[in-house]
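Me: Hey, could you walk me through this one? I'd like to begin with how the inside is put together.
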Amino acid sequence: MNKIESPKNNQARLLAARIIEDVIGGHALSDLLANRLQHIPERDAAFVKALCYGVCRYYERLDLMLSQLLKKPMRERDVDVFALLLVGLYQLSEMGTPQHAAVAETVEAAKLLKKPWCVSLVNALLREFIRNQATITAHTMKELEGHYAHPLWFIEKIKQDWPNHWESILTENNAHPPLTLRVNQSIISRDDYLQKIQAAGIHAHRLPETGAGIILEKSMTIEALPGFKAGEFSVQDGAAQLCAPLLELKPHLRVLDAAAAPGGKLTHLIELEPLLDLTALDKDPIRLQTIKINLQRLQQKTRCICADAANTKGWWDGKMFDRILLDAPCTGSGVVRRHSDMKLLKQPGDAKKLAQEQTRLLEGLWPTLAPGGILLYTTCSIFPDENQAVINSFLANHLDAIEEKIEADWGIPMPMGRQILPGMHQMDGFYFAKIKKKTEF
């Protein structure tokens, strides 16, 4: 069980239920939390986050448990009650909240829904779960969705795509990810920063596959870490830290980050080689603003353009790039442990639909790459449909493109590209393919 101190606050539980209701309705959890936790106490905000991420992480399991308690399915107009029941069950089954507090405070939250009939229902169902928890849990765990806490389609796809790794992938998806930092070595060395935070009583260790990565042994508020305001580090998973070095940077190269938001890989490029002629693109003006905020904190500058990367007529000046980083939009199937709401939001056909967008971006950007130049294609996905299959198809249609093998001591070498699976090297799931444009063909 993941124990966390729970405040005696029915408002926090109600807020969590309202957010879960909206996730069920198709909204991203991170956006909802950013919008709704701005003006509540830090302790309550932490509790709401824990409830929301936890309910999403174990949604399939909790849903199966609740189906055994309900005599008939909830009506669509009562999704708020359904969500609150999930919040109650999560506290009892996974969170380690004392039973009396979980029941009493969730029932008090039910009173705020202004549906008097649901108060007794919430009270009765949660108490019935306590009485029959062992039996209900045993029945739930017999089902694949309950045992692995994933949608059935996701389980079946992972089994098909990764027959030798599927169970470890599903297990890692339910684990809590580490807090990984990338030290800004243009300001301070990794060893010096490690000494600095250890002197402050914070325990961490190097991430050996990276040149600047460290992992904190316990998560904490980022702003409380030494050197945050001075730009001495960025929060970035280890797999994402592997991208910039693969581009073989040199001073004055003309480089494009084609989908740059929120700016983690972009700022890494600048840290590794500050004398680049660098352009950052993103088609979302709000996400582009996050790039500028990150650049400002890290005391960096670069050219930022709001545009669709594939529509080159709208932004390209005709001068070819020596390097292109395309961190393509994808299902995010490699980062489920960080974004547990993906279990509710993603659908079986998403990977193949996104492969069309990935191909569109590759096709649009390829003419902007200079002969001899390198395009690094990456996704935070583990689905071959949007990784190997996309690159295979692209190379088959472009005689001037050739794969450049990534020789490394991390990940799994694939027939095309290289793959890191969730949890491997304490990293997220990530795919890399390095494509070079021939000088003659």
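Reply: A nonpolar core is a set of buried Ala, Val, Leu, Ile, Met, Phe, Trp, Tyr and Cys residues joined through side-chain atoms within 4.5 Å, and please keep in mind that this is a predicted model.

Me: OK, so which residues touch the most other members in the largest nonpolar core?
Reply: That core has 53 residues, and those touching the most other members are Ile19, Val48, Cys52, Leu62, Leu66 and Leu89. Two or more residues come from each of several helices, among them helix 1 (10-24), helix 3 (42-57) and helix 7 (116-131), while helix 5 gives the most, with 11 residues.

Me: And what does Leu66 touch?
Reply: Leaving aside residues up to four places away in sequence, Leu66 touches Phe82, Leu85, Leu86, Leu89 and Leu125. Apart from this core lies another one of 32 residues, including Leu253, Leu266, Ile270 and Ile406.

Me: Switching to the strands: what order do they have in the open sheet?
Reply: The four strands of this open sheet follow the order 2-3-1-4, with antiparallel pairing. Strand 2 (204-206) and strand 4 (233-235) stand at the edges with a single partner strand each, so one side of each has no neighbour in the sheet. From one strand to the next, the twist averages 30°.

Me: How many bridges join strand 1 to strand 3?
Reply: Four bridges join strand 1 (residues 179-183) to strand 3 (residues 213-216), and the two run antiparallel; Leu181 stands opposite Ile214 in strand 3.

Me: Which helix packs on the sheet?
Reply: Helix 14 (residues 264-272) packs there, touching strand 1 and strand 4, and its direction makes about 30° with that of strand 1.

Note on methods: Residues numbered from 1 in each chain as written. Predicted model: local features only at pLDDT ≥ 70, side-chain atom pairs only at ≥ 80, totals over all residues. Heavy atoms only, no water. Buried < 20%, exposed > 50% of the residue type's maximum accessible area, 1.4 Å probe, protein only. Contact = heavy atoms within 4.5 Å. Pairing = 2+ DSSP bridges. Axes fitted to C-alpha atoms, helices over the stretch in contact; angles between N-to-C directions.
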